[in-house]
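Trainee: Please walk me through this model. I would like to learn how to read each kind of feature.

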Amino acid sequence: MPAPSRTSLPERPAFQRALLRWYETHQRSLPWRKNGNPYRILVSEFMLQQTRVETVIPYYERFLKRFPSLRDLAKAPLQEVLKAWAGLGYYARARNLHEAAKAIVREWGGKIPRTKEELLLLPGFGPYTAGAVASLAFHQPVPALDGNAKRVLGRLFPEQCDFSRMSAKKQADEFLAGWIPPRRAADFNQALMDLGAMVCIPSSPRCTACPVFRFCATKGKIPKKKRVVRKVREEIWAVALVEKDGKFLLHRKEGRGLLSGLWQFPSVAVEKNQGKRGNSQDPGKLLEKYLREDFGLETRIKTSLPEQEHLFTHIHALMKPYLGSLAGTRPSFPNSGSLRWVGASAFSRYPISTAMCKIAALVGS
DNA sequence: GTCCTGAATC
DNA sequence: GATTCAGGAC
């Protein structure tokens, strides 16, 4: 393969010195940076996928108290892991982290693999997370390009690191590999990310505070970011608050889709174009039908409660909550694995999404 | 395309 | 109050 282009680029040692010197005095003080513990770094990197530092910190602290070691995490039930994750979003990350911990115990004797290639084989590890753990925890000289670092490189070296081009992604990775000081890989990668977070910010970068301004090709000129037009679909969810003796029916969502593994009040999607040609779309009736067919429960859905809205990346959900009760003469009282009667004060013992917490709040929690 | 949430900004 | 933004893996 051709060597990365090194023509018309700054002296690497000078660039590295400038960046590392800045990092020594300006680095962010983050809980997972305190003692270089690979497990703590691994947990933080999973939480930091698609999630901002300030959001992660309280979850991180609680998670580490609950699962102090990789083996603690590996032997815990998924439900416990999800409970510690509830509210943080992107719950596949929690599943992947749990699966990865189990795989590391099973296949690596509980020792986190040290190389990017080995880490990439584990669930939930993509190029960034594998590079981050390999470099930050094990000081391997490999790239770890998060959104911040990509923006920094895209501005510093737009020719070599044009991340708008798909084909250039690999090229940029190889380019960066040649710039990592072999003995300071962790500091160098973190310096790029911190620079992106604090100085080379998305809009109005603070170029006067930049330690590598003299190496920068664009001098803060913001490259036009491609507008990501994502289409959001509107959904209406009928949500059943079935009450019995002060307890409510909770249901664990199965599968691998949206909010799977988390507990919710039994819900069904309602067609939007209701009312036309009498296609029975009364939310209450739909819920009764759903509860009867899927859980064998005869219920009476009654009062409607105030609608709640929740916005996901790709779904704009309007939740219509209804109070209901059991109707059958037989006391059907399912407390199976995925169906429970739970008092409002005990909701917090279950992993419940932020969306469903809005519903839970209606009946006091 | 699917998967989430909270903060920033209009 | 509604929209945008920020952040990776599969």
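Mentor: We take the domains, then the salt bridges, then the two DNA strands.

Mentor: This is a predicted model, so a caution: local features need pLDDT of at least 70, side-chain atom pairs count only at pLDDT 80 or more, while totals for chains, interfaces and linings use all residues. Residues are numbered from 1 along each chain as its sequence is written, chains are lettered from A and ligands numbered from 1 in written order, and side-chain values use heavy atoms, without hydrogens and water.

Trainee: Into which domains is chain A divided?

Mentor: Domain bounds come from an automatic or database domain assignment. Here chain A has domain 1 (12-215) and domain 2 (233-273 + 281-361). Their centres, taken over C-alpha atoms, are 37 Å apart.

Trainee: How much area do domain 1 and domain 2 bury between them?

Mentor: The size of an interface is often given as the accessible area lost when the parts come together. Buried area uses a 1.4 Å probe and is summed over both parts. For domain 1 and domain 2 the value is about 860 Å², with 50% of it on carbon and sulfur atoms. On the domain 1 side, Gln79, Tyr91 and Arg95 lose the most area, together 55% of what that side buries.

Trainee: How many residues of each domain are in contact?

Mentor: Contact means heavy atoms within 4.5 Å. Eight residues of domain 1 touch 15 residues of domain 2. A salt bridge puts a side-chain nitrogen of Lys or Arg within 4 Å of a carboxyl oxygen of Asp or Glu. Between the domains that count is zero. A polar contact is a pair of N or O atoms within 3.5 Å; within protein, one must be able to donate a hydrogen and the other to accept it, and residues adjacent in sequence count only through two side-chain atoms. Three residue pairs, both at pLDDT 80 or more, join the domains this way. Helix α5 (residues 78-85) gives the most to the domain 1 side, with three residues. Helices are DSSP runs (H or I, at least four residues), numbered from the N terminus.

Trainee: Which residue forms a salt bridge with Asp194?

Mentor: The salt-bridge count comes to 15. In one of them, Arg28 pairs with Asp194, the closest N and O atoms being 2.8 Å apart. Arg28 lies in the loop between α1 (12-26) and α2 (38-48) and Asp194 in helix α11 (residues 185-198), so the pair ties together parts 166 residues apart in sequence. Arg33 is also in the loop between α1 and α2. The side chains of Arg33 and Gln190 make a polar contact of 3.1 Å.

Trainee: Which residues are closest to DNA strand B?

Mentor: Near means that a residue has a heavy atom within 4 Å of the strand. Strand B has 16 such residues, and Tyr91, Leu259, His310, Leu311 and Thr313 are the closest. Sugar and phosphate make up 65% of the strand B atoms within 4 Å of the protein. A polar side-chain atom of Thr313 is 2.3 Å from a base nitrogen of strand B. A side-chain N or O atom of His314 is 2.8 Å from a phosphate oxygen of strand B.

Trainee: And which residues come nearest to DNA strand C?

Mentor: Of 18 residues around strand C, the nearest are Gln50, Gly124, Thr129, Gly147 and Asn148. A polar side-chain atom of Asn148 lies 2.7 Å from a phosphate oxygen of strand C. For Arg52, a polar side-chain atom is 2.9 Å from a sugar or linking oxygen of strand C.

Definitions and conventions: Buried area is the accessible area (1.4 Å probe) that two parts lose on being put together, summed over both. Helices (H or I, at least four residues) and strands (E, at least two) are DSSP runs, numbered from the N terminus.
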